[in-house]
Amino acid sequence: MTDQNTAVKPSGSRGAPPRRAQRRSGRKRRPLRIVLLVLLVLVLAAGGGAWWMYSSLDSNIKGVDLDKALGDDRPQKLPTAGQNLLVLGSDSRAGESGDLGGGKGSVSGARSDTALVVHIPEGRTRATAVSIPRDTLVTRPACTERDGGSMPAKDRVMFNSVYAQAGPACVVKTVEKMSGVRIDHYLEIDFAGFKDLVDAIGGVTIKIDEPIKGGAGGLNLEAGTQKLDGTQSLQYVRTRHGVGDGSDLGRIGLQQKFLMALLTEVKKQDLLGSPAKSYKIANSATKALTTDSSLASLSALSDFGRSMNGVDPQNMETIMLPVAYDKKDPNRVVAAEPQATQLWKAIRNDERIPASAKKSPATGG
């Protein structure tokens, strides 16, 4: 079967939009405050102090030893007490999960569907999350494959193919190579587990501005206020056709809107007052979670969560890595310069990101 992540797609396919879509979009992209996976991390962090008692949940969390995998040839740590996290959404389309995503249940392996570099400056009262579009062409450094073999460096590979080909450590190495930013922690959320998490919360109420017909997995929603269960929520955040120009860049807007609805729902939950519900949510969340080895326990997550208590979601901003349509293949994007360089430099120095570094030539309509 052709690898759906790496195959060159014809014009009008699911890749990044043709260059004319850029001309169609006259309005400025509003900065995104936060994206879905950041919220899930906050759910874990906010409940960490209450979940420490559930020691049996430790075995749910999977760990990756990044220090062993990456060695010493890495960027310098931040000059302050700030932190950088790589938050990844992994998405297997096999079996039931494939049916939910619009596949035929025959796609093997997992892919990285969403990637965020989350920068938490010194003081930990605010945060910025940089979303890396999955269709971005990057240079993949030499990496160790999942089976222990060596994978040589390669130019112009799709960012989301790195996870499928070489695993999480190589994704971290690729991000550090392209940004010069040292990644302190790694958190990965499995979208199939995200479905169970939404069901554990009791569903999410969201306002649908325009009807969605034939979305991911056959999702059909009428305009108006709807309450989505876990299956519908997973289909919603995967939907790209009929949204903007149908590209991955346009789908980011759907994920942002769902996130805000999910955040509202979480704020209504009395997790401390309902131990049984807290356990159900914690069980769903930890089963979906993979972290670097230093965070791979409830006690470590609890400590990390308490250190994040000062970060108010209203003080969080999510922006898209500035990208431009690739000159050789307009269905792909590349980091836009000088914006990307300015962005990564600000993060490396733990400084405010200038407005000029947030402007992306490719908007997705």
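The paragraphs below lead through this predicted model, from the whole chain to a few of its residues.

The chain has 365 residues, and buried residues make up 55% of them. Twelve helices and 15 strands are found along the chain. Among contacts with a separation of 6 or more, 70% are between residues that stand 24 or more positions apart. The accessible surface of the chain comes to about 15800 Å², and carbon and sulfur atoms account for 49% of that area.

A covalent link is a convenient place to begin looking at details. The chain holds one disulfide, which joins Cys143 to Cys170 with a distance of 2.1 Å from S to S. Because the torsion about the S-S bond of Cys143 and Cys170 is about 80 degrees, this disulfide is right-handed. Cys143 belongs to strand E6, residues 143-144, whereas Cys170 belongs to helix H6, residues 168-179, so the pair ties together parts that are 27 residues apart in sequence. Since a residue counts as buried when its relative accessible area is under 20%, Cys143 is buried because its value is 7%, and Cys170 is buried because its value is 2%.

From the disulfide the reader can turn to helix H8, which covers residues 230-238. Seven of the nine residues of this helix are buried, so H8 is largely enclosed by the rest of the structure. The buried residues of H8 are Gly230, Ser233, Leu234, Gln235, Tyr236, Val237 and Arg238. At the N-terminal end of H8, Asp229 acts as a cap, with one of its side-chain oxygens 3.2 Å from the backbone nitrogen of Thr231.

Another part of the chain shows how residues far apart in sequence can meet. Val311 sits in the loop that runs between helix H11 (298-307) and strand E13 (316-320), and Val311 counts as buried because its relative accessibility is 7%. Although Val311 and Ala127 are 184 residues apart along the chain, their C-alpha atoms are separated by 7.0 Å. When residues up to four places away in sequence are left out, Val311 touches Ile120, Arg124, Thr125, Arg126, Ala127 and Met316.

The backbone itself has some details that deserve a careful look. The peptide bond that leads from Glu337 to Pro338 is cis, with omega near 10 degrees, and Pro338 is placed in the loop between strand E15 (333-335) and helix H12 (339-348). After H12 comes the segment in which Asp350 lies, and Asp350 has a positive phi of about 55 degrees although it is not a glycine. Asp350 counts as buried because its relative accessibility is 13%.

A positive phi is also found at Arg156, where the value is near 55 degrees in a residue other than glycine. Arg156 is placed in strand E8, which spans residues 154-158. With a relative accessible area of 40%, Arg156 is partly exposed, because that term covers values between the 20% limit for buried residues and the 50% limit for exposed ones.

Terms used. Residues numbered from 1 in each chain as written. Heavy atoms only, no water. Helix = DSSP H or I, 4+ residues; strand = E, 2+ residues; numbered from the N terminus. Buried < 20%, exposed > 50% of the residue type's maximum accessible area, 1.4 Å probe, protein only. Contact = heavy atoms within 4.5 Å. Disulfide = S-S within 2.5 Å. Polar contact = N/O pair within 3.5 Å; in protein donor to acceptor, adjacent residues only side chain to side chain. Areas by Shrake-Rupley, 256 points an atom, 1.4 Å probe, with all protein chains shown as cover.
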